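Reader: I would like to learn how to read a few features of a model. Please take them one at a time.

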Amino acid sequence: HRTKMSLEVEAKDVVRLVLQYLKESNLPRTYETLSEETGISMNTVESVDSFVTEITNGNWDSVIQTCQTLKLPDKKLMDLYEQIVIELIELRELGAARTLLRQTDPMTLLKEQQPDRYLLLENLLSRHFFDPREAYPEGSNKDKRRAAIAQALSSEVTVVPPSRLLALVGQALKWQQHAGLLPAGTSIDVFRGKTATREDEDEKYPTRSSKTIKVKNSHFECAIFSPDGQYLVTGSVDGFIEVWNFVTGKIRKDLKYQQQDEFMLMDKAVLCLAFSKDGDMLASGSQSGQAMVWKIANGRCLRKFDVAHSQGITSIQFNKDNSQLITSSFDTTIRIHGLKSGKTLKEFSGHTSFVNCAIFSQDGHKVISASSDGSIKVWNTKTTECLKTFRPSMLASAQDVTITSVQLHPRNLEQFIVCNKSNSICIMNMQGQIVKTFTHGIKDNADFCACLVSPRGEWLYCASENKKLYCFNTTSGDMVHALEGHERDIIGLSQHPHQNLVATYSEDGMLKIWRP
């Protein structure tokens, strides 16, 4: 039986770390304010031996400077300042002695609490000569007094290694990288605890494979990056939902449930995944028609729809405020489910074959769906009424061509990108007009099976039946690159939200990460 050690960090220690940082950064006013407001002081010196030596040698300027950053008992401060005044009188530095005696807090306190002792100092100051017998009680002298003060003050201070705050942060980051929480070799946004990214990083298309994730006796049916770019989550044919470190290609062990080999799991193959906008929740749809919502931080199921559909769920998406899910299915319907009630709220009927994809419009007032019956339908979200039906007539043949997906164009949210089982992909507007077409020009055995637009809409990535990944420039429509993707059919692809990374996954059991 293992006992779990829990580390408790005292709030006072955190303040002390910040105080040390402020002191080392030469921010005295901020230091004093924080110390005063919290009532906490560091009471640290660079070296106790040096501090003691300064006192025994009578280097009072340095001693006073050190003591100003320390919280010391009044009695010990009065002893210190009394000794300094006596020594200044001996040196006939009467002006300095007078200032110290009459204008410092410890001496004011001495006057209030021990007036006789204070008066002795005033008398010493007014004499024309210095008599050590008057200054020191019997059996004492200057060196003994210094030694006694040094011993008293040294017990109040400690030595701390320099830059503790930065050292601890550095160690924590190393541990997080070791645990797979942060990708190694990247700059880190310490405050957010994430990989620091240049949001304005130019969008570039991938040209090479940087990492491969392989699963045995299974394959991924879906994969998705989290909105903050921290996680890559996959859904497998055996029902497992796994969270990966896409830099190392390993399962993320910083998530406690995965470290203990407890994974998110569905009853049948996981066909689709979606994150909530804040990245806290993950929705999944299975081949049996079951939909589930998970908390990614602890792997717990928050909501379960056992019969979201009568057949497999092909796509899933959260609405804007994360209160509802929209799902499409092989059962030819689209449905909206309430996360609070756990019930199916709406059904959209009208397609005559599998619905492969359903998404909300930007404002959420409409639903756009794509089906194997060859049509795209636009629906009223509120009434479930079908407003428009489009058939992209890009092929000369009369047969209905399966439409695999629709997705909003990041550059123009009134347009959407249509992927169908042909050698062309198009951009369409809400009136059903084809705005632009992309094709690789290959006639046989090279139909597109999946496509994806980059986050800022500059590139279009298309997976083909010939196991290749094609990249198009969305502005010019030109094909700019083709990658030899996988040995078997590519199932789908996913794009990192702000890094130039694309993931492709295939029936060969591999997921590949591509980068420029």
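Reader: Is F472 buried or exposed?

Author: The model is predicted, so keep that in mind throughout. Burial is read from relative accessible area, and under 20% counts as buried. F472 has a relative accessible area of 0%, so F472 is buried.

Reader: Which ring pairs with F472, and in what geometry?

Author: For two rings, check the centres and then the planes. Planes over 60 degrees apart count as edge-to-face. The ring centres of F448 and F472 lie 6.3 Å apart, and their planes stand at 80°, so this pair is edge-to-face. F448 sits in strand β25 and F472 in strand β27 (residues 468-473), so the pair ties together parts that are 24 residues apart in sequence. F448 is also buried, at 0% relative accessibility.

Reader: Which residues form one aromatic cluster with F448 and F472?

Author: F438 and Y470 join them in one cluster.

Reader: How many residues of β25 are buried?

Author: Go along the strand residue by residue. In β25 (residues 448-453), 6 of its 6 residues are buried.

Reader: How many bridges join β25 to β26?

Author: There are 5, and the two strands run antiparallel; β26 covers residues 459-464. For the register, look for facing residues. A450 stands opposite A463 in β26. Then look at the turn. The hairpin of β25 and β26 has 5 residues between the strands, and there G457 takes a positive phi near 80°.

Reader: How many aromatic pairs does the structure hold?

Author: It holds 9 aromatic pairs. One of them is F240 with F263, edge-to-face, at 6.1 Å centre to centre and 80° between the planes. This pair links distant parts of the chain. F240 is in strand β6 (residues 240-245), and F263 is in the loop between α12 (256-259) and β8 (264-265), 23 residues apart. Now check burial for each ring. F240 is partly exposed, with a relative accessible area of 31%. F263 is partly exposed too, at 24%.

Reader: Now sheets. In what order do the strands of the open sheet with β13 and β16 run?

Author: Write the order from one edge to the other. Here it is β13-β14-β15-β16, 4 strands with antiparallel pairing. β13 (313-318) and β16 (344-348) each have a single partner strand, so one side of each is left without a neighbour in the sheet. Neighbouring strands are turned by 20° against each other on average, direction ignored. Next, look at one pairing. β15 (residues 334-338) and β16 pair over 4 bridges in the antiparallel sense. I336 has K346 in β16 as its bridge partner.

Reader: Which strands stand at the edges of the open sheet that holds β31 and β30?

Author: Start with the order again: β3-β31-β30-β29, with antiparallel pairing among the 4 strands. β3 (208-214) and β29 (490-495) are at the edges, each with a single partner, so each has one side without a neighbour in the sheet. The twist averages 20° from one strand to the next. β30 (residues 502-506) and β31 (residues 510-515) run antiparallel and are joined by 4 bridges. T504 has K512 in β31 as its bridge partner.

Reader: Last, a loop residue. Where is T352 placed?

Author: T352 lies in the loop between β16 and β17 (355-360). Over 50% relative accessibility counts as exposed. T352 has 68%, so it is exposed.

Reader: Which residues does T352 touch?

Author: Leave out residues up to four places away in sequence, and T352 touches T332 and D373. For separation, compare sequence with space. T352 and V247 are 105 residues apart in sequence, and 43 Å apart in space, C-alpha to C-alpha.

Definitions and conventions: Residues numbered from 1 in each chain as written. Predicted model: local features only at pLDDT ≥ 70, side-chain atom pairs only at ≥ 80, totals over all residues. Heavy atoms only, no water. Pairing = 2+ DSSP bridges. Axes fitted to C-alpha atoms, helices over the stretch in contact; angles between N-to-C directions. Buried < 20%, exposed > 50% of the residue type's maximum accessible area, 1.4 Å probe, protein only. Phe/Tyr/Trp six-rings, centres within 6.5 Å; stacked < 30°, edge-to-face > 60°. Contact = heavy atoms within 4.5 Å.
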